[in-house]
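This briefing covers the strands, two loop residues, a surface patch and the overall make-up of one protein chain. The points are grouped by topic.

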Amino acid sequence: MLRRIRGLQQRHWRERSKAERVELHTVITWHGTIWFFAMCWLPLPLAGNLERRPLPLALGGLLLLVGALQCVAASRLTRPALDHYLGRRAVPPKALTGSVLLLALALALVMTLTALDGIDALTTRFTIGGALVPFGLIYALVVPVRVCLRRAGVLAVLLMAAVGLIDADVSGVLATAAMTAFAVVFSLLASRCGAWTLSVLWEAERAREVEARLAVAEERLRFGRDLHDVLGRNLAVIALKSELAVQLARRERPEAVEQMIEVQRIAQESQREVRDVVRGYRAADLAAELAGAQGVLTAAGIHCEVRDEAGGLPAEVQSALGWVVREATTNVLRHGDAARCTVGLRAREGCVVLTVENDGVTSEGGEGGPASGSGPGGSGLAGLRERLAVVDGTLEAGPAGGDRFRVVAEVPVQAAGTEWEKTGEVSGVTP
């Protein structure tokens, strides 16, 4: 049973993004508001002030039934009305017909009970509000504010006229106008403010996705520039030497063989350099990768803290750890729902350790780190382990308790070389 409850919670809450969670909370709040006003402003006043006569009792019971049907209709239209406001899909023109008829029937029953002296003046005002709010919360999302206010003004005039015909009391007419105005303003504020907040939140969510895609696109451009730098010059040399070898061969010159041997050497060198680029073995500045990770995460609205307590690492170690930072940062942006991320680099006895930890894991197993996407020489855990294996390093990644995901890369001191060992001695680290 506990496993089923945990699975239900995970499916309906933990796997949702922040925007989806806020939207779900808002929709649930609207449902509760609809039923709260209807059940508090209809049954409670009627129970204490309804005349104990057959006809008022029958009309009061019918009014309660109509109020419940209003709540059901409003609950069914809550999600379509929100989607209409957010621009996802339009509400069909006749979707509100049933709600309009129920509202008209509820107000007609209230006026009939008032005319028959079945309820007092205060109960009349409460029942009018109880009938207006469930309809208004939905209607305010479907039509523009000006249209809603204009039609609400017409409705207020009609209700004031009906109350004035039943009881020519100026205070009662003004109280009816005040209750109608309260119901309309409350409906507009409650629905429009919540929906506007959701629209801003979704816009920020889309901006964050664009930021992540731009980071990936920038990395692809950098990779393309590296390939161009490696292949451009070498291919040009190969073409020139091949052309020279052809000319020498036509003249039966022995130098043609030497030129083709040189072409073969350059082609093999280019092949090796391309493999180095693809696998990420070219030297990289780890400090630049740490600064870039902090910059891109901060720009995406994620609080990033970077602690660099190890310096003077050789180029191959910086390159391997730099790829871990880059890959983890990209996956935090693309797959997680993080609010905080911590990147730490420290010198420990016998090794250097890089730790990347973030919250916002959206499912068990976590996607907050580089846990997705693997292939030969590609990204993900497999690709990172291949890069670290060159410097005898290891990689561990997985949930770190709660909604946190942790990636730990560890490189032995022996792979770091003499320069780092001297730096470690100066900083108090004993290799």
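In strand β5 (residues 405-412) the side chains alternate between two faces. Phe-405, Val-407, Ala-409 and Val-411 point to one face and are buried, while Arg-406, Val-408, Glu-410 and Pro-412 point to the other face and are not buried. In a regular strand, side chains alternate in this way between the two faces of the sheet. The model is predicted.

**Strand pairing around β5**

- Strand β3 (residues 351-358) runs antiparallel to β5 and is joined to it by eight bridges.
- Val-353 has Glu-410 as its bridge partner in β5; Glu-410 belongs to the set of β5 side chains that are not buried.
- Strand β4 (residues 394-399) is also antiparallel to β5, with six bridges between them.
- Leu-395 has Ala-409 as its bridge partner in β5, and the side chain of Ala-409 points to the buried face of that strand.
- β4 and β5 form a hairpin with five residues between the strands. In this hairpin, Gly-401 takes a positive phi near 95°.

**Positive phi outside glycine**

- Asp-117 has a phi near 60°, a positive value in a residue other than glycine.
- Asp-117 lies in the loop between α5 (97-115) and α6 (121-142). Its relative accessibility is 55%, so Asp-117 counts as exposed, the cut-off being over 50%.
- Glu-252 likewise has a positive phi near 60° and is not a glycine.
- The loop between α8 (170-250) and α9 (255-279) holds Glu-252. Glu-252 counts as exposed because its relative accessibility is 71%.

**Nonpolar surface patch**

- Trp-35, Met-39 and Val-72 form a nonpolar patch on the surface. Together they have about 240 Å² of accessible area.
- Trp-35 is located in helix α2 (residues 18-41).
- With a relative accessibility of 33%, Trp-35 counts as partly exposed, a class that lies between the cut-offs of 20% and 50%.

**The chain as a whole**

- The protein chain contains 13 helices and five strands.
- Of its 431 residues, 41% are buried.
- Among contacts with a separation of 6 or more, 73% are between residues 24 or more positions apart.
- The chain exposes about 22,800 Å², and carbon and sulfur atoms supply 60% of this area.

Methods. Residues are numbered from 1 along each chain as its sequence is written. This is a predicted model: local features need pLDDT of at least 70, side-chain atom pairs count only at pLDDT 80 or more; totals for chains, interfaces and linings use all residues. Side-chain values use heavy atoms; hydrogens and water are left out. Helices (H or I, at least four residues) and strands (E, at least two) are DSSP runs, numbered from the N terminus. Buried means under 20% relative accessible area, exposed over 50%, partly exposed in between (1.4 Å probe, protein chains only). Patches are made of residues with over 30% relative accessible area and no salt bridge: like charges are joined within 9 Å, nonpolar side chains (Val, Leu, Ile, Met, Phe, Trp, Tyr) within 5 Å. Accessible areas come from the Shrake-Rupley method with a 1.4 Å probe; for residues, only the protein chains shown count as cover. A salt bridge is a side-chain nitrogen of Lys or Arg within 4 Å of a carboxyl oxygen of Asp or Glu. Contact means heavy atoms within 4.5 Å. Two strands pair if DSSP finds at least two bridges between them.
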